[in-house]
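Let us walk through this structure together, moving from one pair of side chains outward to the fold and its cores. Please keep the sequence and the 3D view side by side as you read.

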Amino acid sequence: MRKSVAIFLHMEGDQPGYIADYLEQNNIPFKLVRLFKGDIPPILDDVIGLVFMGGTMSVNDNLTWLRDEINIIRQALKRDIPIMAVSYTHLRAHETRGNL
């Protein structure tokens, strides 16, 4: 079985956009993961990287699936699995000179 990139989506109707385009163009397999809809988390031995898309939730929200995702990130960091997080927070921080 070929390892894949797991792309975590957080809102109904979300799509990975250009990230999926890039992976497809470079023949890199990927799987969409929607823990908020009850998807089963990927087995980290089966992934070559993780991508976390943005959403309206906060890391402080008391959501079981979000805690599960944070745990996946912690495990991936211990295993040196590459992680990419996509969000607009950095843009807002830049626009407000860090005064969020």
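A good place to begin is Lys 37, which is partly exposed, with a relative accessible area of 48%. Keep in mind that we are looking at a predicted model. The side chain of Lys 37 meets that of Glu 12 in a salt bridge, with 3.3 Å from N to O. Glu 12 itself is exposed, since its relative accessible area is 60% and the cut-off for that class is over 50%. Where do the two partners sit along the chain? Lys 37 belongs to the loop between S2 and S3, while Glu 12 belongs to the loop between S1 and H1, so this pair ties together parts that are 25 residues apart in sequence.

How many salt bridges does a search of the whole structure find? The search gives 2. Besides the pair we have just met, Asp 45 forms a salt bridge with Arg 79, and here the closest N and O atoms are 2.8 Å apart. This pair, too, links distant parts of the chain: Asp 45 lies in the loop between S2 and S3, Arg 79 lies in the loop between H2 and strand S4 (83-85), and 34 residues separate them. Asp 45 is partly exposed, with a relative accessible area of 48%, and Arg 79 also counts as partly exposed, at 45%. As a general point, side chains of opposite charge can pair when their charged atoms come close.

Glu 69 makes an interesting contrast. You will find Glu 69 in helix H2, which covers residues 64-78. Is Glu 69 buried or exposed? Glu 69 is buried, yet it has no salt bridge. The nearest side chain of opposite charge belongs to Arg 34 and is 10 Å away, whereas a salt bridge calls for a nitrogen within 4 Å of a carboxyl oxygen. Leaving aside neighbours within four places in sequence, Glu 69 is in contact with Phe 8, His 10, Leu 35 and Phe 52.

Now let us step back to the fold. The protein chain has 3 helices and 4 strands, and along the sequence these follow the pattern β-α-β-β-α-β-α. At the start of that pattern, S1, H1 and S2 make a right-handed β-α-β unit. S1 and strand S2 (residues 30-33) run parallel and are joined by 4 bridges. Within that pairing, Ile 7 has Leu 32 as its bridge partner in S2.

Ile 7 and Leu 32 also lead us to Pro 16, in the loop between strand S1 (4-8) and helix H1 (18-25). Not counting residues up to four places away in sequence, Pro 16 touches Ile 7, Leu 9, Leu 32 and Met 53. Pro 16 and Leu 32 are 16 residues apart in sequence, and their C-alpha atoms are 8.3 Å apart in space. With a relative accessible area of 6%, Pro 16 is buried.

Pro 41 offers another case to set beside it. Pro 41 is found in the loop between S2 and strand S3 (47-52), and at 38% relative accessibility it counts as partly exposed. Setting aside neighbours within four places in sequence, Pro 41 is in contact with Leu 35 and Ile 72. The C-alpha atoms of Pro 41 and Phe 8 are separated by 9.4 Å, although these residues are 33 apart along the chain.

Phe 8 takes us to the interior. In soluble globular proteins, nonpolar side chains tend to be buried together. The largest nonpolar core here has 13 residues, of which Phe 8, Leu 44 and Leu 50 touch the most other members. S1, S3 and H2 are the elements that give two or more residues to this core, and H2 gives the most, with 4 residues. Not counting residues up to four places away in sequence, Leu 44 touches Leu 50, Ile 72, Gln 75, Ala 76, Arg 79 and Ile 81. A second, separate core has 7 residues, including Val 5, Ile 7, Leu 23 and Val 51.

Finally, consider the chain as a whole. Buried residues make up 28% of its 100 residues. Among contacts with a separation of 6 or more, 71% are between residues 24 or more positions apart.

Definitions and conventions. Residues numbered from 1 in each chain as written. Predicted model: local features only at pLDDT ≥ 70, side-chain atom pairs only at ≥ 80, totals over all residues. Heavy atoms only, no water. Buried < 20%, exposed > 50% of the residue type's maximum accessible area, 1.4 Å probe, protein only. Contact = heavy atoms within 4.5 Å. Pairing = 2+ DSSP bridges. Right-handed = clockwise from strand over helix to strand, strands pointing away. Lys, Arg positive; Asp, Glu negative; His and termini not counted. Core = buried A, V, L, I, M, F, W, Y, C linked by side-chain atoms within 4.5 Å.
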